[in-house]
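Let's walk through this model one helix at a time, starting with what is tucked away and what it packs against.

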Amino acid sequence: MIGVGEVNETLTPIQRRRLQDRKEWEAYWKVRKLESEGTFFPAMRYYAQRAFDFPATFVRENIVEPLHDKYKKPYYHRRFNRVPEIDQCGVNDMACFYEANEQYRLDKLVDGNILDILKQRVDRCLNYDERNINKCANVIEDMEESELNFFIKYGEMGSEADCRDVYMKQKHRMIWERRHPEIMAERERLYKEHKEKLKAGKFDYSFWKKGMFFQDKKNCEAPYEFVLSKSTLENDKPLSRDWNYYKKVKEDPEFDKEQGKTSNFRIV
């Protein structure tokens with residue numbers, strides 16, 4: 001058994017947690033004893049509770065925990081074997097397509113939960129630092145990059161898309177990038193410039209969010225709508241519910257040309 005005052009660098013995380021728990025419980029019972037001194041009923045309650053606690057604690061520390069350490073089974077995180085991707089399946093191989101599609105749905109579920117965890121970290125950081133965005137620059141950067149990657153892979157396809165749709169979207173994106181090298185070079189330059197500013201302690205949130213929140217495509221629906229047209233992760237909601245808006249955009253190339261592209265608004 002490991003003593004409370006013993007310090008050992010080779011202790012496992014479980015043993016360190018046990019030592020911390022024992023210190024906390026010893027401090028608790030010391031406070032209870034000091035509070036019960038010079039009294040009658042509080043002292044009776046203290047000794048009665050202590051009488052029930054001591055045998056259970058003794059058995060736990062001297063019998064149960066050593067047996068757990070001796071016969072502890074290793075825990076392995078379950079890893080599912082990867083199946084062939086859709087580009088490796090035959091044209092008429094429906095079984096391969098089914099497995100690839102299920103793999104795609106699992107990957108989307110995992111990526112969505114990872115993105116949700118990153119968003120929760122940002123919320124906790126902003127709540128703790130009282131909306132001081134500079135202290136949360138690292139977690140915001142991780143969240144925005146993950147959100148962008150999630151949108152690149154799954155966005156604007158709806159909930160009924162399958163692995164073939166994702167594969168075609170990736171193919172079209174690679175073709176578009178090859179046809180517009182000047183745009184990709186400019187993006188790379190701006191991204192490196194943003195990272196250099198971030199290293200220097202200057203975080204500009206407008207690099208990710210170009211305007212106000214209502215200019216973001218995924219936030220255009222009113223918050224009082226109980227039934228959203230699409231998930232907030234899809235990022236393919238309409239810019240306007242007025243069909244005349246799209247008619248004007250189609251007829252007049254100069255109409256609302258800079259919508260959601262430029263803004264002088266800065267959060268920091």
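The buried residues of H4 (under 20% relative accessible area, 1.4 Å probe, protein chains only) are Ala137, Ile140, Glu141, Met143, Glu144, Glu147, Phe150 and Tyr154. They pack against helices H3 (94–128), H5 (163–179) and H6 (181–199), where contact means heavy atoms within 4.5 Å. Helices here are DSSP runs of H or I, at least four residues, numbered from the N terminus. This is a predicted model, so local features need pLDDT of at least 70 and side-chain atom pairs 80 or more, while totals for chains, interfaces and linings use all residues. Numbering starts from 1 along each chain as its sequence is written, and side-chain values use heavy atoms, without hydrogens or water.

Now look at the largest nonpolar core, a set of buried Ala, Val, Leu, Ile, Met, Phe, Trp, Tyr and Cys residues joined through side-chain atoms within 4.5 Å. Of its 13 residues, Val122, Ile133, Cys136, Ile140, Met143, Phe203 and Tyr205 touch the most other members. H3 and H4 each supply at least two residues of this core, and the largest share, four residues, comes from H3. Leaving aside neighbours within four places in sequence, Ile140 is in contact with Val122, Ile133, Phe203 and Tyr205. Apart from this core lies another, of 12 residues, among them Ala100, Tyr104, Tyr154 and Ala161.

As for H4 itself, what comes after the helix? Glu156 follows, and its phi is positive, near 60 degrees.

Definitions and conventions:
Buried < 20%, exposed > 50% of the residue type's maximum accessible area, 1.4 Å probe, protein only.
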